Amino acid sequence: MDNQDYNKAERAVDNTEESLRNTASDAKWKVSDLADKARDYIKEKRDNDQEATQEDWLDRVKANASDTWEDIKDGASDAWEKTKDAAEDVKAEWNKKTN
C-alpha cells in the first residue's frame, strides 16, 4: 500500500478528531457561562414579577445539557462513520494491492 493511502486515512482520523473537538467546544452553554446565565434567569423572572427557583433554573440547565449532548453525540457518530469509511477504504486498497 502506498504511503498516500495511509496518509489519507490518517488525515480522515485527524479531521474527525478536529470535528469532535469543535462540537464539544461549541456546546451551547459552557461552564464558564453558567453564572451569567443564572443572573440573566433571575433578572428575567424579576422583570416578569415571577419567582426564580432553583428547580426551574436546573430544569433549564438540564434541557440545555440534553441538547448539547445530542450535538456531541451527532458529532461523535459522524466521526465514527468517517473513520470507519477511511479504514474500509485503506483495507480495500490493501486488498487490491496484495491480490
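Leaving aside neighbours within four places in sequence, with which residues is Glu 51 in contact? The contacts of Glu 51 are Tyr 41 and Lys 45. Glu 51 itself sits in the loop between helix 2 and helix 3, and it counts as exposed because its relative accessible area is 64%, where exposed means over 50%. The model described here is predicted.

## Overall make-up

The protein chain has three helices and zero strands. Read from the N terminus, its elements follow the order α-α-α. Of the 99 residues in the protein chain, 16% are buried. Among contacts with a separation of 6 or more, 67% join residues that are 24 or more positions apart.

## Helix 2 against helix 3

Helix 2 covers residues 34-47, and helix 3 covers residues 54-98. The axes of these two helices come within 11 Å and cross at roughly 130°. Helix 2 is therefore oblique to helix 3. The crossing of helix 2 past helix 3 is right-handed.

On the helix 2 side, the residues that meet helix 3 are Leu 34, Lys 37, Ala 38, Tyr 41, Glu 44 and Lys 45. On the helix 3 side, the residues are Asp 56, Trp 57, Arg 60 and Val 61. By type, the residues of this contact divide into five nonpolar, no polar and five charged.

Lys 45 is one of the charged residues in this contact. Lys 45 lies in helix 2, and it counts as buried because its relative accessibility is 12%, under the 20% limit. Beyond its neighbours within four places in sequence, Lys 45 is in contact with Gln 50, Glu 51, Ala 52, Asp 56 and Arg 60. Two of these, Asp 56 and Arg 60, belong to the helix 3 side of the contact between the helices, whereas Glu 51 belongs to the loop.

## The loop between helix 2 and helix 3

Besides Glu 51, this loop contains Asp 49. Asp 49 has a positive phi of about 55° although it is not a glycine. With 76% relative accessibility, Asp 49 counts as exposed, because the limit is over 50%. Glu 51, in the loop between helix 2 and helix 3, is likewise exposed, at 64%.

## Salt bridges

Side chains of opposite charge can pair when their charged atoms come close. A search of the whole structure finds five salt bridges. The table lists some of them, including their N to O distances.

| Salt bridge | N to O distance |
|---|---|
| Lys 43 and Asp 47 | 2.8 Å |
| Arg 60 and Glu 44 | 3.0 Å |
| Lys 73 and Glu 70 | 3.5 Å |

Where in the chain do Arg 60 and Glu 44 lie? The salt bridge of Arg 60 with Glu 44 links distant parts of the chain, with Arg 60 in helix 3 and Glu 44 in helix 2, 16 residues apart. Arg 60 and Glu 44 are also among the residues through which helix 2 and helix 3 meet. Arg 60 is partly exposed because its relative accessibility of 30% falls between the 20% and 50% limits. Glu 44 is partly exposed as well, with a relative accessible area of 34%.

The salt bridge between Lys 43 and Asp 47 stays inside helix 2, where the two residues are four residues apart, about one turn of the helix. Lys 43 counts as partly exposed, at 43% relative accessibility.

Lys 73 and Glu 70 both lie in helix 3, three residues apart, which is again about one turn of the helix. Lys 73 is partly exposed at 37% relative accessibility, and Glu 70 is partly exposed with a relative accessible area of 34%.

## Trp 80

Is Trp 80 buried or exposed? Trp 80 counts as exposed because its relative accessibility is 57%, over the 50% limit. This residue lies in helix 3. Trp 80 and Glu 17 are 63 residues apart in sequence, and their C-alpha atoms are 9.9 Å apart in space.

How values were computed. Residues are numbered from 1 along each chain as its sequence is written. This is a predicted model: local features need pLDDT of at least 70, side-chain atom pairs count only at pLDDT 80 or more; totals for chains, interfaces and linings use all residues. Side-chain values use heavy atoms; hydrogens and water are left out. Buried means under 20% relative accessible area, exposed over 50%, partly exposed in between (1.4 Å probe, protein chains only). A salt bridge is a side-chain nitrogen of Lys or Arg within 4 Å of a carboxyl oxygen of Asp or Glu. Contact means heavy atoms within 4.5 Å. Axes are lines fitted to C-alpha atoms, for helices over the stretch in contact, and angles run from 0 to 180 degrees between N-to-C directions. Angles under 35 degrees count as roughly parallel, over 145 as roughly antiparallel, 65 to 115 as roughly perpendicular and the rest as oblique. A crossing is left-handed if the near helix is turned anticlockwise from the far one by less than a right angle, and right-handed if clockwise. Ala, Val, Leu, Ile, Met, Phe, Trp, Tyr, Cys and Pro count as nonpolar, Asp, Glu, Lys and Arg as charged, and the others, Gly among them, as polar.
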